[in-house]
Number of protein chains: 2
Amino acid sequence: MTRWLDESEQRTWRNFLAMTQLVNEALDRQLQRDAGMPHTYYMILVALSESPGRAMRMNELAHRARSSQSRLSHAVARLEERGWVRRTPCDSDRRGNVAVLTDAGFDALASAAPGHVAEVRECLFDALTPEQLRALDEICTAVRSKSVGRSS
Amino acid sequence: MTRWLDESEQRTWRNFLAMTQLVNEALDRQLQRDAGMPHTYYMILVALSESPGRAMRMNELAHRARSSQSRLSHAVARLEERGWVRRTPCDSDRRGNVAVLTDAGFDALASAAPGHVAEVRECLFDALTPEQLRALDEICTAVRSKSVGRSS
DNA sequence: TCCTGATTCATGAACTCTCAATCAATATAA
DNA sequence: TTATATTGATTGAGAGTTCATGAATCAGGA
């Protein structure tokens, strides 16, 4: 027996879909236009830049950047072609690879960041009151913790 | 002068990204696994099914399904290959095309719907209180109306 | 030591998306 | 009417994602 969405739930659901899509597309468009990279690549660079030595195991990097291993592997291959990331084998575990953010990669990130932050503000923060922001944060936490055990 | 995100804003932003990604990926995975279509295709079928005559101009359909024209054109081409949608020329405007949902398409949608709705409940609604749902709805509306004039 | 099974990562194919270019039909204006 | 712009839609190329698979390494126990 399917419990369908009632009218109010429908509205909320579609409102949610439209909103998230709007934000995601704005994000991707801005980064692609101004920095020549998709948002997923940006997140990878950010994760690397915040790691000690600007280096991280592929595994851990995938987790931090919220990427699948396969996606990360492909992405890092591209980033390596651009000279933004370098891959080196891992000492402690010879299966492992370590991705390292190059200086060029750091510079690319540094010059992409201001435009990205501006877009984030425009898209989300500027539209919401402090209470709404608090509420949103709690909502996100609730949704994420609900599905612990299914994925991230 | 870039106004960076402070610590609290950072947390909220990343929380938001993680949450929306979680939901989107769950959605796509479920539909792909159980119904053999991505969420974007599902939205197209839904939009068509709700239109009188289960038919709609490509233009209008793109708008309703929140898709770009190009994306829709490619998608409908695929859906046509599967026999779920049919394209016919438009009388009133000979530039136009009308997409029509076939019976097979309607059946595909009907059998995909229950699993999809269940996933939507599991991912989002079950995790939130009624107040949170109300708050979320308002937040989505606020974000969307902020960026009127930039896109949808 | 030798298996067995789990981890780590890379790869290729199939698919979707975006962007720019294209083309035909329709509006608009001179 | 003839030119010009705009609209509706498609197309192809390039890029990213997913899924299934494969290869190498590690870890634990018989």
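User: In this predicted model, why is the crossing of H2(B) and H5(B) called left-handed?

Analyst: A crossing receives that name if the near helix is turned anticlockwise from the far one by less than a right angle. The crossing of H2(B) and H5(B) is assigned to this left-handed class. Between the N-to-C directions of helix H2 (residues 39–49) and helix H5 (residues 103–123) of chain B, the angle is about 115 degrees, and their axes lie 10 Å apart.

User: What makes the contact between these two helices, and how many of its residues are charged?

Analyst: H2(B) contributes Tyr42(B), Leu45(B), Val46(B) and Ser49(B), while H5(B) contributes Gly105(B), Phe106(B), Leu109(B), Ala112(B) and His116(B). By class there are 6 nonpolar and 3 polar residues, with no charged residues. Gly counts as polar, so Gly105(B) belongs to the polar class.

User: How do you know what symmetry relates chain A and chain B?

Analyst: Chain A is superposed on chain B by a rotation of 180 degrees, with 0.0 Å of shift along the axis and an RMSD of 0.1 Å. The two copies are therefore related as by a two-fold rotation axis. The same surface also serves both copies, as 100% of the contact residues of chain A recur in chain B.

User: Which residues and elements make the contact between chain A and chain B?

Analyst: With C-beta atoms within 7 Å as the criterion, 39 residues of chain A are in contact with 39 residues of chain B. On the side of chain A, the elements giving two or more residues are helix H1 (7–35), helix H5 (103–123) and helix H6 (130–146). H6(A) gives the most, with 12 residues. This side of chain A has 23 nonpolar, 10 polar and 6 charged residues.

User: Why are S1 and S2 of chain A called edge strands?

Analyst: The open sheet of 3 strands has the order S1-S3-S2 in chain A, with antiparallel pairing. Strand S1 (55–57) and strand S2 (85–89) each pair on one side only. A pairing requires at least two bridges, and S1(A) is joined to strand S3 (residues 97–101) by 3 bridges, so the criterion is met. Arg57(A), for example, has Val98(A) as its bridge partner in S3(A). H4(A) packs on the sheet, touching S2 and S3 of chain A.

User: What makes up the surface near DNA strand D?

Analyst: By class, this surface has 6 nonpolar, 12 polar and 10 charged residues. H4(B) provides the largest share, 6 residues. Of the 28 residues around the strand, Thr40(A), Arg94(A), Asn59(B), Ser73(B) and Gly96(B) come nearest.

Definitions and conventions. Residues numbered from 1 in each chain as written. Chains lettered and ligands numbered in written order. Predicted model: local features only at pLDDT ≥ 70, side-chain atom pairs only at ≥ 80, totals over all residues. Helix = DSSP H or I, 4+ residues; strand = E, 2+ residues; numbered from the N terminus. Axes fitted to C-alpha atoms, helices over the stretch in contact; angles between N-to-C directions. Near = placed C-beta within 6 Å. Least-squares fit on C-alpha atoms with pLDDT ≥ 70 in both.
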